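Reader: I should like to discuss how the ligand is held in this structure. May we go through the contacts one at a time?

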Amino acid sequence: MATAEVVVVGGGLVGVTAALLLAKGGIPVTVLDPVTPLPARDSPYDLRTFALTPASQRIFDRVQVWSALEAERIAHFSAMEVWDASQPQRLHFAASPAAADTLGYVVEQANLFVAMNAQLQRSPLITGIAGQVSSVTPTPAACVLGLADGREVRASVVLGCDGGASPLRDLCGIAYSERDYRQTAIVANVITELPHGAVARQRFLDTGPLAFLPLPPAALSAVVWTATDDHATWARDCTEAEFCADLTRAFDARLGAVLSSSRRVVFPLWRRHAARYCQDRVALLGDAAHVIHPLAGQGLNLGLLDAAALAEILIAADRSAREHPQSLLRRYARWRRGENLAMLTVTEQLNRLFGTRQPVISKLRGVGLALTERLPVIKHLLAAYAMGERGEVPASARRRLE
Ligand SMILES: Cc1cc2nc3c(=O)[nH]c(=O)nc-3n(C[C@H](O)[C@H](O)[C@H](O)COP(=O)(O)OP(=O)(O)OC[C@H]3O[C@@H](n4cnc5c(N)ncnc54)[C@H](O)[C@@H]3O)c2cc1C
């Protein structure tokens, strides 16, 4: 039986970040994942891209992942524009030069994986096991993970980073709340007639939000379009010309005509939230703990904050405390569950508020947007949330004072 101080179950972006942070703090970690090959990169740009907050950038910087990324493939955005299809008002957020010069970044999944993999290989404190967890047995002295091929791994602490369907969460019997949004996200990269100008834009349609995120070439945007399930199926299967015309209309030709598009991929959307973030020696992080609507682009960002918070707690504790980690894991759960619940709730309410066709609510939405646009204090507060800088922020994600 293999023995490890900490086992990270799931080598996705959250699991690997947690492993790198712990190793940086001197804690040996074993990462367990069934699939090891790096995802193939779409040409010329990946279809899976993430809007990352400055807080996430600092976490990646802390573990030398940011500096290992292909910098010329990262887009920075310094402004955001949000508007409602049924109202003329627009909400603008701009990075204030005094506070920060960027509101966020758009990074491809493959770019992140390659950089993270390189860091994993370099860390002498991280070992990898290719395997799939199929049983969990808590004992007084350790947690024993059974793998599908019959091997066993014994650990003092187990981090469940195995995604939204989290087998580990189910094996532990941790319940979760779930809501099917009956919406599907259509993801594509498109070239527009006009340059995006490093602005992230989102238009709220009554079927769901439509986001254009800037990619490094001036006229290339990553599109995340939340639509009805039927519309998404149509958009995936229609011709490129049909899709471009439909998208141009839906985005009100904000960047002129959509001239061309990559293939489209679709993701059914649901919300999930674990009833508990820890049990015995197991803690849940990332999508294993919470699956959030992509309209605010926060899922991965929240997962990275989970990883940073838990790593901070474990690193600050001494080895004997980590051998009996229950109170440390409870501290993590208290810290992160409240923060994530707040973001899940706000995101869900926004999706509902903008998704209604009721005329009174639609009017109120317009008034709300117009008021927010004129209230700099509220706008700064919203921007700070979107940048991952409100609430109790882990030290590795905090802005460093010059
Ligand atoms: C359309 C869309 C757009 C999005 N855009 C953004 C965005 O702009 N910004 C943002 O922050 N977030 C965004 N998200 C959310 C983001 O994709 C997720 O929050 C994030 O990828 C979750 O990462 P994770 O590491 O927790 O889980 P995953 O990426 O799902 O990784 C889970 C890992 O666990 C492994 N695993 C599974 N089962 C087992 C097992 N039994 N044993 C061992 N290992 C196992 C898997 O192989 C995998 O490697 C978006 C989501 C969608 C759907």
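Reader: At what distance from an oxygen atom of the ligand does a backbone N or O atom of Val14 lie?

Author: The model is a predicted one, and the value is computed from its atoms. A polar contact requires a pair of N or O atoms within 3.5 Å. The backbone atom of Val14 and the oxygen atom of the ligand meet that cut-off, at 3.1 Å.

Reader: How much of the accessible area of the ligand does the protein cover?

Author: On its own, the ligand has 1000 Å² of accessible area. The share of this area covered by the protein is 83%.

Reader: Which residue places a polar side-chain atom 2.7 Å from an oxygen atom of the ligand?

Author: Ala51 also lies by an oxygen atom of the ligand, at 2.8 Å, but through a backbone N or O atom. Both Ala51 and the residue in question are listed with the closest of the 31 residues that surround the ligand. The side-chain atom at 2.7 Å belongs to Asp33.

Reader: Which element gives the most to the shell around the ligand?

Author: Helix H1 (13–24), strands E2 (29–33), E3 (49–52) and E12 (176–192), and helix H7 (299–316) each supply at least two residues. The shell comprises 16 nonpolar, eleven polar and four charged residues. The element that gives the most, with three residues, is H7.

Reader: Is H1 parallel or oblique to H2?

Author: The axes of H1 and helix H2 (residues 54–62) are 9 Å apart, and the two helices pack at an angle of about 50°. Because of that angle, H1 is classed relative to H2 as oblique.

Definitions and conventions:
Residues numbered from 1 in each chain as written. Predicted model: local features only at pLDDT ≥ 70, side-chain atom pairs only at ≥ 80, totals over all residues. Heavy atoms only, no water. Near = heavy atom within 4 Å. Polar contact = N/O pair within 3.5 Å; in protein donor to acceptor, adjacent residues only side chain to side chain. Areas by Shrake-Rupley, 256 points an atom, 1.4 Å probe, with all protein chains shown as cover. Helix = DSSP H or I, 4+ residues; strand = E, 2+ residues; numbered from the N terminus. Nonpolar A, V, L, I, M, F, W, Y, C, P; charged D, E, K, R; others polar. Axes fitted to C-alpha atoms, helices over the stretch in contact; angles between N-to-C directions. Parallel < 35°, antiparallel > 145°, perpendicular 65-115°, else oblique.
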